[in-house]
Amino acid sequence: MAILLEIYKKLYQAFGPQHWWPGDTPFEIALGAILTQNTNWGNVEKAIQNLKNNNVLSARSIYEMSVKKLAELIRPAGYFNVKTRRLKSFIAFFMNEYHGSTKRMKGEDTYSLRNKLLSVNGIGPETADSILLYALEKPVFVIDAYTKRVLSRHGIMEHKKSYDEFQELFHYSLKRDVRLFNEYHALFVKVGKTCCKRKKPLCDNCPLNVNG
DNA sequence: TGCCAGGCCGGGT
DNA sequence: ACCCGGCATGGC
């Protein structure tokens, strides 16, 4: 299955490096992963900026913050009531299990850490894997709506297949490399935003269609 | 101006 | 094991 590597090369040639994740620290990346659930990244940036402007972008600060205050600050990210609960759940887990230290969290075995993250209310497979890959630099491939759309539209895998089935395709086909997984997922988002959009059945000058 | 955005949960079948 | 409604703001 060298096809996945071929696709990667074409996307990289077309779009270049994406410089992900757009966040300064592992903790900020983890928060961003929760805030961006089904949400435009631009809105997430506003929420994170609000936290920064109030000097509360830390586990301890958010842990001690009232629900009302947190909801107010992350409001631009949408679903703010739901996401306030989810941020609180994640940070309670983060404080209890790792004393608010991303280094400690990073030291845990990837497989068991993933299962623990999935047990936190509000963290599903994509959010867990985004934290593992982009915040903790674990070689875990992130599947999202764009990945499914692009692969299904190009006949690589049926859209209805599960998250785990899509992920296995990458894990079995590619070298487990953090840099590769980082760039590849970011490129799926890029191509999904630019030329593989929802309502367009197909697009000309798609870098994956040119030649073959 | 309606559609879309880097999901996930809980209840029902 | 799937299917679905709910959750909400802001940009185009």
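The buried residues of helix α12 are F181, N182, Y184, H185, A186, L187, F188 and V191. This is a predicted model. Helix α12 covers residues 178-194, a run of 17 residues. From its first C-alpha to its last, α12 reaches 24 Å, close to the 24 Å expected at 1.5 Å a residue.

Look at the spacing of those buried positions. An α-helix has 3.6 residues a turn, so residues three or four places apart point the same way. Take F181, Y184 and F188 as an example; they are among the buried residues of α12. What lies over them? The cover of the buried residues of α12 includes α1 (3-15), α9 (125-135) and α10 (145-153).

Two of those covering helices, α9 and α10, return at the DNA. There, 27 residues surround DNA strand B. The closest are Q37, N38, G124, T127 and A145. Three elements give two or more residues to this surface: α9, α10 and α12. Of the elements, α9 gives the most, with four residues. What kinds of residue are found near strand B? They divide into eleven nonpolar, eleven polar and five charged.

Now turn to DNA strand C. The residues around strand C are N38, T39, N40, G42, N43, R75, P76, G78, Y79, F80, N81 and V82. Two helices, α3 (41-53) and α6 (80-98), each supply at least two residues of this surface. The largest share comes from α6, with three residues. By class, the surface near strand C has four nonpolar residues, seven polar and one charged. N38 is listed around strand C, and N38 is also one of the closest residues to strand B.

Y79 belongs to the strand C surface too, and its backbone deserves a look. Y79 sits in the loop between α5 (67-73) and α6. Its phi is near 45°, a positive value in a residue other than glycine. Is Y79 exposed or partly exposed? Y79 is partly exposed, because 15 other C-beta atoms lie within 10 Å.

Helix α6 also meets another helix. The axes of α2 (residues 26-35) and α6 come within 10 Å and cross at roughly 145°. The crossing of α2 past α6 is right-handed. From α2, the residues in contact are A30, L31, I34 and L35. They meet K83, R86, L87 and F90 in α6. This contact has six nonpolar residues, no polar ones and two charged. The helical rule fits here as well: residues three or four places apart point the same way. In α2, L31 and L35 are both in the contact. In α6, so are K83 and R86, along with L87 and F90.

Next come the loops. W21 lies in the loop between α1 and α2. The peptide bond from W20 to W21 is cis, with omega near -5°. Further along, N55 is in the loop between α3 and α4. N55 has a positive phi of about 55°, although it is not a glycine. N55 counts as exposed because it has 8 C-beta neighbours inside 10 Å; 12 or fewer is the cut-off for that class.

After that loop comes helix α4 (residues 59-64), where S61 is found. S61 has 14 C-beta neighbours inside 10 Å, so S61 counts as partly exposed. How far is S61 from S89, 28 residues apart along the chain? Their C-alpha atoms are separated by 14 Å.

The walk ends back around α12. K175 is in the loop between α11 (163-173) and α12. K175 is exposed, because 8 other C-beta atoms lie within 10 Å. K175 and L5 are 170 residues apart along the chain, yet their C-alpha atoms are separated by 9.8 Å. On the other side of the helix in sequence, L202 has its place in the segment after α12. L202 counts as exposed because it has 10 C-beta neighbours inside 10 Å. The C-alpha atoms of L202 and H154 are separated by 9.5 Å, with their positions 48 residues apart along the chain.

Methods: Residues numbered from 1 in each chain as written. Chains lettered and ligands numbered in written order. Predicted model: local features only at pLDDT ≥ 70, side-chain atom pairs only at ≥ 80, totals over all residues. Expected span 1.5 Å × (residues − 1). Buried ≥ 20, exposed ≤ 12 C-beta atoms within 10 Å, placed from the backbone. Contact = placed C-beta atoms within 7 Å. Near = placed C-beta within 6 Å. Nonpolar A, V, L, I, M, F, W, Y, C, P; charged D, E, K, R; others polar. Axes fitted to C-alpha atoms, helices over the stretch in contact; angles between N-to-C directions. Left-handed = near helix turned anticlockwise from the far one by under 90°.
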